[in-house]
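Let's work through a few exercises together, each with a solution laid out in steps. Keep your viewer open beside the text.

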Amino acid sequence: ISHLGIREISEPGAMDSSLSHLVLAGCQGLTDEAIEALQPLKLLYSLDVSNCPDVTDYGMEYLTCLSELSSLNVSRCMDVSDRGLAEIAKLPNLRKLSLRLCPKVTDRGLENLKPLSSLRHLDVTRTGVTREGLATLSPCLKVAKHLF
């Protein structure tokens with residue numbers, strides 16, 4: 001699916017505006033431009049763009065207007081880095097975040113997540129995050145479950 005396909009489903013009147021869950025995992029043609037096209041989906045609660053190699057930090061910037069987003073999976077988006085985490089941290093209702101196999105995510109980027117008081121599940125498996133980095137994040141958040 002491309003940005004044109006995303007526009008088809010996100011344009012006002014194109015489909016039910018109450019779309020709450022969207023799985024685009026493994027869409028090899030999905031780009032940051034497609035993420036931008038998601039902006040009209042204001043009621044989106046869960047988004048999975050895992051294994052979409054052309055989704056980058058720039059795409060994370062476009063998600064910040066999706067204030068209802070509670071679950072985000074960007075696993076295997078190899079160009080999501082600490083910079084992208086600064087944008088993800090602007091999602092006030094985020095409860096679940098998967099960064100699995102995002103090698104450019106490090107301890108430094110985790111600092112950006114401290115304002116996410118709703119975060120309950122964080123997956124940083126096979127990233128640049130260390131146990132020490134997780135330890136500095138733990139006192140700030142009520143993360144009930146994290147995978148390392």
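Helices (H or I, at least four residues) and strands (E, at least two) are DSSP runs, numbered from the N terminus. This is a predicted model, in which local features need pLDDT of at least 70, side-chain atom pairs count only at pLDDT 80 or more, and totals for chains, interfaces and linings use all residues. Residues are numbered from 1 along each chain as its sequence is written, and side-chain values use heavy atoms, with hydrogens and water left out.

**Exercise 1. Describe the overall architecture of the protein chain.**

Step 1: Count the elements. The protein chain has six helices and six strands.

Step 2: Read their order. Along the sequence the pattern is α-β-α-β-α-β-α-β-α-β-α-β.

Step 3: Look at burial. Buried means under 20% relative accessible area, exposed over 50%, and partly exposed in between (1.4 Å probe, protein chains only). Of the 148 residues of the protein chain, 46% are buried.

Step 4: Look at the surface. Using the Shrake-Rupley method with a 1.4 Å probe, where for residues only the protein chains shown count as cover, the protein chain exposes about 7,100 Å², and carbon and sulfur atoms supply 51% of that area.

Step 5: Check the sequence range of the contacts (heavy atoms within 4.5 Å). Among those in the protein chain that link residues at least 6 apart in sequence, 65% join residues at least 24 apart.

**Exercise 2. Find which residues touch the most other members of the largest nonpolar core.**

Step 1: Fix the rule. A nonpolar core is a set of buried Ala, Val, Leu, Ile, Met, Phe, Trp, Tyr and Cys residues joined through side-chain atoms within 4.5 Å.

Step 2: Apply the rule. The largest core holds 43 residues, and Leu30, Leu47, Val49, Leu72 and Leu122 touch the most other members.

Step 3: Map the core onto elements. Two or more residues come from each of helix H2 (32-36), H3, H4 and helix H6 (131-137).

Step 4: Recall the background. In soluble globular proteins, nonpolar side chains tend to be buried together.

**Exercise 3. Place valine 55 and list its contacts.**

Step 1: Locate the residue. Valine 55 sits in the loop between strand E2 (46-48) and helix H3 (57-63).

Step 2: Assess its burial. Valine 55 has 0% relative accessibility, so it counts as buried.

Step 3: List the partners. Beyond its neighbours within four places in sequence, valine 55 contacts Leu30, Thr31, Asp32, Ile35, Val49, Met60, Cys77, Asp79 and Val80.

**Exercise 4. How many disulfides does a search of the whole structure find?**

Step 1: Set the cut-off. A disulfide is a pair of cysteine sulfur atoms within 2.5 Å.

Step 2: Run the search. Zero disulfides turn up.

Step 3: Check cysteine 77. Cysteine 77 is in no disulfide, and the nearest cysteine sulfur, that of cysteine 52, is 5.6 Å away.

Step 4: Check cysteine 102. Cysteine 102 is in no disulfide either, with the nearest cysteine sulfur, that of cysteine 77, 5.8 Å away.

Step 5: Add burial. Cysteine 77 is buried at a relative accessible area of 0%, and cysteine 102 is buried at 0%.

**Exercise 5. Examine the surroundings of serine 81.**

Step 1: Locate the residue. Serine 81 lies in the loop between E3 and H4, and at 13% relative accessibility serine 81 counts as buried.

Step 2: Look for a polar contact, a pair of N or O atoms within 3.5 Å; within protein, one must be able to donate a hydrogen and the other to accept it, and residues adjacent in sequence count only if both atoms are side-chain atoms. The side chains of serine 81 and aspartate 57 are joined by such a contact of 2.5 Å.

Step 3: Complete the neighbourhood. Leaving aside neighbours within four places in sequence, serine 81 is in contact with Asp57, Lys104 and Val105.

**Exercise 6. Work out what the salt bridge of aspartate 123 ties together.**

Step 1: State the rule. A salt bridge is a side-chain nitrogen of Lys or Arg within 4 Å of a carboxyl oxygen of Asp or Glu. The count by this rule is five.

Step 2: Identify the partner. Aspartate 123 pairs with arginine 100, with the closest N and O atoms 3.0 Å apart.

Step 3: Place both ends. Aspartate 123 is in strand E5 (residues 121-123) and arginine 100 in the loop between strand E4 (96-98) and helix H5 (107-110), so the pair ties together parts that are 23 residues apart in sequence.

Step 4: Contrast burial. Aspartate 123 is buried at 4% relative accessibility, whereas arginine 100 is partly exposed at 34%.
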